[in-house]
Number of protein chains: 2
Amino acid sequence: MARETGSRIGLLAVAKEAGVSIATVSNTLNRPDVVSAATRARVLAVIAKMDFVPNTAAASLRRGSNRLIGLVVPDISNPFYSEIARGVTAAADRHRYGVILCNSQDDPDRELDQLEMLAEHRAAGALVVPLTADNRRLSRLRSLGTHLVLIDRESPDGCSTSIDDVLGGRLAAQHLLESRDADFVLVNGSHSIPQCADRRTGARAALSAAGRDPDSLVEYEVDDMTTEAGVEIAERLLEKELPSGVFCTNDLLAIGLMRGLAHHGIAVPDRVAIVGYGDLAPAADAPIPLTTVDQPKFALGNAAVEMMLAEITEKDDTHRHSATVFRPTLVVRDSAPARKNS
Amino acid sequence: MARETGSRIGLLAVAKEAGVSIATVSNTLNRPDVVSAATRARVLAVIAKMDFVPNTAAASLRRGSNRLIGLVVPDISNPFYSEIARGVTAAADRHRYGVILCNSQDDPDRELDQLEMLAEHRAAGALVVPLTADNRRLSRLRSLGTHLVLIDRESPDGCSTSIDDVLGGRLAAQHLLESRDADFVLVNGSHSIPQCADRRTGARAALSAAGRDPDSLVEYEVDDMTTEAGVEIAERLLEKELPSGVFCTNDLLAIGLMRGLAHHGIAVPDRVAIVGYGDLAPAADAPIPLTTVDQPKFALGNAAVEMMLAEITEKDDTHRHSATVFRPTLVVRDSAPARKNS
DNA sequence: GTGAAAGCGCTAACAA
DNA sequence: TTGTTAGCGCTTTCAC
């Protein structure tokens, strides 16, 4: 950090002490192979003895870019994003990169400010998890000349790591169909959220594959995908004939629904089987452990960093943008067991 | 970010275009008050037109320190820490500082590497949330000349923001004592964790204040403060006469305990009242909403940044280290309601 | 394998 | 109020 007093030792001081030139000191640090073993050892010893800390600001001033990458998420306290952050920091550590965390709260203005800040720091690039589907924003950033990797969302003109939500929706629906041998109901968020639309598409695909009419799918749409919304859905479900299965496109909704049903004495999974989506902490800890779709969040963050680094390393004219799509998996627990058990 | 191609415009280009000197451009950016309104406006217009992005690397090379602060947490995917991170980023944004996120996984070696990295970037300082009580590590860091603010732990030789866990323990215990008019049992983590020791101290204090013998406090200690451990505690509790109240020093333990008790048909809160600690998301979402102690996590992160900035700003000989201690509050929910209701 | 030297883009005296 | 200028500490040709 800013050593207000000391920290006055730089390459020069080390060079003098070791009896070499500053170029040699720089080389032992950045291209050890180009320095003879003997000198290298001597220089390294002096560096350790003098407690020399290289100044990356100077290096990046010269080089033009910093060993820093930005991570822009809508809400770091949301476990989905914080798990991605864990993946990102792990990969960054491995490559000796620093991660600048930006919490946009999904405020476009704030996000813009933050990307501006990243640009001022000459960050090597930015990993962004966009919540809204507003592509204008993203292209504006890209036109800024930024190396951008999108997380959890594909992009036509850049790299991205995402999850196959259509597959996820299909897995969930398939499981319900197979274990109950009957139709199920879908509880979903707004279709304007690509993930929600995709999960629905997957659910419909499963219906088709099972020889059922996808248009027969009954769907409840909620504004906020929260536990409370799930509880309310229970009430609405009870107004009609109870379905034998429900696929909620997120875990909180599913947990709320289970609570709402329990309140009315409806047995899960005997009477109604429930499948969630996301496999966040509460899923396993629920009173009735939740069958859900696991998203490889950590891998998402990890891969995004690798992608970003590859994009930086490759020569600009060589680089082809690519998309890594991870496959989610079904985690079977008590709320919707494998076999039909009524 | 690293604009591989463009980004070649610097102060000089802007200065030329605006017909002023680079010093004036620098001044309009850093000390607007020293520039005449007319020139300022003109320069600003040119900056916008040319899409000039100042290079902080150059600035910090000159200044010696960067508008960057490090945040070192044991595990960013733990909601306690991610909420702190939210507070930190919010405050940092306000002051136009960037936050470098370091996930130490509580590995001392990694933590050291990360602080080294922060030093290389000439970060203005670091906010660290230490998990273990190992003070040697911390003093080593401090001796590095680093501005360090501890979060969630007091430190004799530096600034810190923390929570009064003794008070928290007292609040929880008092509530149990008053609402049940009977003794309670304590389920705690290892005493080597200062927070656990403090919460216990608070619980004992409440006992004394109520005219009871603190040494009569029955305590169960668990290694991992998880839901599973809570479930197990339920079994152990059932071996003896059931207490009328249980204070778990974290929410997960409490939730597990409730689940374990439910499994045996024990009614909460009628038969046993339960109080948790932390007020993380699962507390409110539990089947029986959990009475718990709320920790001002966001405020903790927020205050740490302010403290850090104050420490940087003040002249070194003026600065007196200080500790901000936040008061937790009791959140009363169904698992332990206010009035005795047996 | 090693050294000398030219900046990278900016800030902060100091001069005007 | 504005301009001139000397570095901040490092990387990187290019000689040796």
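The following dialogue goes through a predicted model of two protein chains and two DNA strands.

Biologist: In what order do the four strands of the open sheet in chain B stand?

Modeller: The sheet is open and its pairing is parallel. Its edge strands, each pairing on one side only, are β7 (218–221) and β9 (273–275) of chain B. Read across the sheet, the order is β7-β6-β8-β9.

Biologist: By what angle are neighbouring strands of this sheet turned against each other on average?

Modeller: The sheet in question is the parallel one of chain B, formed by four strands. With direction ignored, the average turn between its neighbouring strands is 20°.

Biologist: Which residue of β9(B) is the bridge partner of Val246(B)?

Modeller: Strand β8 (residues 245–248) of chain B pairs with β6 (residues 185–188) of chain B over three bridges, in the parallel sense. Within that pairing, Val185(B) has Val246(B) as its bridge partner, and Leu186(B) stands opposite Phe247(B). Three bridges also join β8(B) to β9(B), again in parallel. In β9(B), the partner of Val246(B) is Ile274(B).

Biologist: Are the residues on the two faces of β8(B) buried or exposed?

Modeller: One side of the strand carries Gly245(B) and Phe247(B), and the other carries Val246(B) and Cys248(B). Both faces are covered, and these four residues are all buried.

Biologist: Which helix lies across β6, β7 and β8 of chain B?

Modeller: The helix spans residues 227–238 of chain B and runs at about 140° to β7(B). The helix lying across these strands is α10.

Biologist: Within what arc do the buried residues of helix α2(B) fall?

Modeller: Helix α2 of chain B covers residues 22–30, and Val25(B), Asn27(B) and Thr28(B) are buried in it. These residues line one face of the helix, because the arc within which they fall, seen down the axis, is 160°.

Biologist: Against which helices do those buried residues of α2(B) pack?

Modeller: The buried residues are Val25(B), Asn27(B) and Thr28(B). Their packing partners, both in chain B, are α1 (11–18) and α3 (37–50).

Biologist: What percentage of the atoms of DNA strand C within 4 Å of the protein belong to sugar or phosphate?

Modeller: There are 24 residues around DNA strand C, and those that come nearest are Thr24(A), Thr39(A), Arg62(A), Leu11(B) and Arg62(B). A phosphate oxygen of this strand is 2.7 Å from an N or O atom in the side chain of Thr24(A), and another polar pair places a side-chain atom of Asn30(B) 3.0 Å from a phosphate oxygen. Bases are also reached, as a base nitrogen is 3.3 Å from a polar backbone atom of Ala58(B). Of the strand C atoms within 4 Å of the protein, the share in sugar or phosphate is 68%.

Biologist: Which residue has a polar side-chain atom 3.1 Å from a base nitrogen of DNA strand D?

Modeller: DNA strand D is surrounded by 25 residues, and the closest are Leu11(A), Arg62(A), Thr24(B), Thr39(B) and Arg62(B). Two polar contacts involve phosphate oxygens: one at 2.5 Å from a polar backbone atom of Leu11(A), and one at 2.7 Å from an N or O atom in the side chain of Thr24(B). The residue paired with the base nitrogen is Arg62(B).

Biologist: Is Gln195(B) buried or exposed?

Modeller: Gln195(B) belongs to helix α9 (residues 194–209) of chain B. Residues up to four places away in sequence aside, Gln195(B) touches Asp152(B) and Asp165(B). Its relative accessibility is 10%, and the cut-off for burial is under 20%, so Gln195(B) counts as buried.

Biologist: Which residue does a cis peptide bond join to Val268(A)?

Modeller: The bond has an omega of about 5°. The residue that follows Val268(A) across this bond lies in the loop between α11 (251–263) and β9 (273–275) of chain A. That residue is Pro269(A).

Biologist: Does Asp181(A) count as buried or exposed?

Modeller: Asp181(A) is found in the loop between α8 (165–180) and β6 (185–188) of chain A. Although not a glycine, Asp181(A) has a positive phi of about 55°. Its relative accessibility is 54%, and the cut-off for exposure is over 50%, so Asp181(A) counts as exposed.

Key. Residues numbered from 1 in each chain as written. Chains lettered and ligands numbered in written order. Predicted model: local features only at pLDDT ≥ 70, side-chain atom pairs only at ≥ 80, totals over all residues. Heavy atoms only, no water. Pairing = 2+ DSSP bridges. Axes fitted to C-alpha atoms, helices over the stretch in contact; angles between N-to-C directions. Contact = heavy atoms within 4.5 Å. Buried < 20%, exposed > 50% of the residue type's maximum accessible area, 1.4 Å probe, protein only. Arc of directions from axis to C-beta. Near = heavy atom within 4 Å. Polar contact = N/O pair within 3.5 Å; in protein donor to acceptor, adjacent residues only side chain to side chain.
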